[in-house]
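Let's take a walk through this protein together, one piece at a time. Keep the picture beside you and find each element as we reach it.

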Amino acid sequence: MVTSVLPRVESLASSGIQSIPKEYIRPQEELTSIGNVFEEEKKEEGPQVPTIDLTEIESEDKEVRERCQQELKKAAMEWGVMHLVNHGISEELMDRVRKVGQKFFELPVEEKEKYANDQSSGNVQGYGSKLANNASGQLEWEDYFFHLIFPEDKRDLSIWPKIPSEYTEVTSEYARQLRALASKILSALSICLGLEEGRLEKEVGGVEELLLQLKINYYPKCPQPELALGVEAHTDISALTFILHNMVPGLQLFYQGKWVTAKCVPNSIIMHIGDTIVILSNGKFKSILPRGLVNKEKVRISWAVFCEPPKDKIILKPLPETVFETEPPLFPPRTFAQHIEHKLFRKTQDNLSN
């Protein structure tokens, strides 16, 4: 592992600086929309991220099951993001996941650097901070730990945190349960599109090939939160993304021309529909733009698990059942790797033209 020459955001934050380096200051057009996240979260007026209760998603009662599927479908078509409750993963396990991730980030920076990734050589697994890989040279106010957590035979346990000692056991159990939840959701979304139950799962790699990548995002306290973002606006390239957090607000979604702050819903998991499912559904399901705000008072941590198809084995394109004379294909056929390249190229072009 290569030690980073850039200071970690955590080191900057704890150094006592009163103003943030210019690389972290967002462009003027973004600054007008960055408010105080605690005040934003309290707002009751306007649209709110939907909450979907999964209790009846596999009910024996057809009518009850279909009602739950319709609620999921509505949220996937209108928002592309939702709070999932009664999802089948215990509160106790979610708390343990939070605890082991937090304990890792409480280690001294020097200890965490032993797990540093080397982005320049393409090695993205491990401890890191965002490099300025866009034309504007922007940086985000976060450090992170990124690694593949499922399937188990594709993991590299040598880069997983050794401290705390229970990290591997807890994270592995969470990965297994989240993988089962992903199957449940993919089945329901398949039915919502009028497909056979197992179709979307098969199209994104099935049991063998769908990859679960965990990114623990650590957002230190920021002396000038009105000038920075923890994560800039983006859509996820994944099929689905599942997010746990430490109940500190920060997630915002761009809905109907405005940034909406997600509430902190107890025992929920936030789920995003990613680009992969948008492509397969020919745009019937949405992929919303999220971003992350930071604050002065509290460290925010989130655990994002990206469910991704294999890079080159599958051609992603709108499924024939989603294409009609009046609804031609909105996306050209591409592998997942080609979609990533296309997206990075477009982002670079957008930045160069600004």
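Strand E2 is covered on both of its faces in this predicted model. Val-81, His-83 and Val-85 point to one side, Met-82 and Leu-84 point to the other, and all of them are buried. With 5 of the 5 residues of E2 buried, the strand is largely enclosed by the rest of the structure.

Who are the neighbours of E2? On one side is E1, which runs parallel to E2 (residues 81-85) and is joined to it by 3 bridges. You can trace the partners yourself: Ile-52 is matched with Leu-84 in E2, and Asp-53 is matched with Val-85. Between these strands the chain passes through helix H4 (residues 62-78), and E1, H4 and E2 together make a right-handed β-α-β unit. E2 also pairs with E9, this time in the antiparallel sense and over 4 bridges. Here His-83 stands opposite Ile-270 in E9.

Now step back to see the sheet that these strands belong to. It is an open sheet of 8 strands with mixed pairing, and the order is E1-E2-E9-E6-E11-E5-E4-E3. Strand E1 (51-53) and strand E3 (126-129) stand at the edges; each has a single partner strand, so one side of each is left without a neighbour in the sheet. On average, neighbouring strands of this sheet are turned by 25° against each other, direction ignored.

What lies across this sheet? Helix H7 (residues 167-192) lies across E2, strand E4 (143-150), E5, E6, strand E9 (269-273) and strand E11 (300-308). Its direction makes an angle of about 135° with E6.

This brings us to the interior. In soluble globular proteins, nonpolar side chains tend to be buried together. The largest nonpolar core in this model has 67 residues, and Leu-240, Phe-242 and Ile-277 have the most contacts inside it. H7 gives the most to this core, with 12 residues. Look at Leu-240 as an example: leaving aside neighbours within four places in sequence, its contacts include Ala-182, Ile-185, Leu-186 and Leu-189, and also Met-271, Ile-277 and Val-305. Apart from this core lies another one, of 19 residues, with Leu-12, Tyr-24, Leu-227 and Val-248 among them.

There is a further sheet to find. This open sheet has 3 strands in the order E8-E7-E10, with antiparallel pairing. Its edge strands are strand E8 (258-261) and strand E10 (289-292), each pairing on one side only. The twist from one strand to the next averages 35°. Strand E7 (residues 251-255) is joined to E8 by 4 bridges, and one of the pairs to look for is Tyr-255 with Lys-258 in E8.

Let's also visit a loop. Gln-224 is found between strand E5 (211-219) and strand E6 (240-245). Is Gln-224 buried or exposed? With a relative accessible area of 18%, Gln-224 is buried, because the cut-off for that word is under 20%. Not counting residues up to four places away in sequence, Gln-224 touches Gln-18, Ser-19 and Ile-20.

Finally, here is a label from a record. An unreviewed UniProt entry carries the annotation "domain: Fe2OG dioxygenase" over residues 206-309. Across that stretch the chain is 10% helix and 40% strand, and the end C-alpha atoms are 9 Å apart.

Terms used. Residues are numbered from 1 along each chain as its sequence is written. This is a predicted model: local features need pLDDT of at least 70, side-chain atom pairs count only at pLDDT 80 or more; totals for chains, interfaces and linings use all residues. Side-chain values use heavy atoms; hydrogens and water are left out. Helices (H or I, at least four residues) and strands (E, at least two) are DSSP runs, numbered from the N terminus. Buried means under 20% relative accessible area, exposed over 50%, partly exposed in between (1.4 Å probe, protein chains only). Contact means heavy atoms within 4.5 Å. Two strands pair if DSSP finds at least two bridges between them. Axes are lines fitted to C-alpha atoms, for helices over the stretch in contact, and angles run from 0 to 180 degrees between N-to-C directions. A crossover is right-handed if, with the strands pointing away from the viewer, the path from the first strand over the helix to the second runs clockwise. UniProt positions are given in the numbering used here, feature names are shortened, and annotations may be inferred rather than shown by experiment. A nonpolar core is a set of buried Ala, Val, Leu, Ile, Met, Phe, Trp, Tyr and Cys residues joined through side-chain atoms within 4.5 Å.
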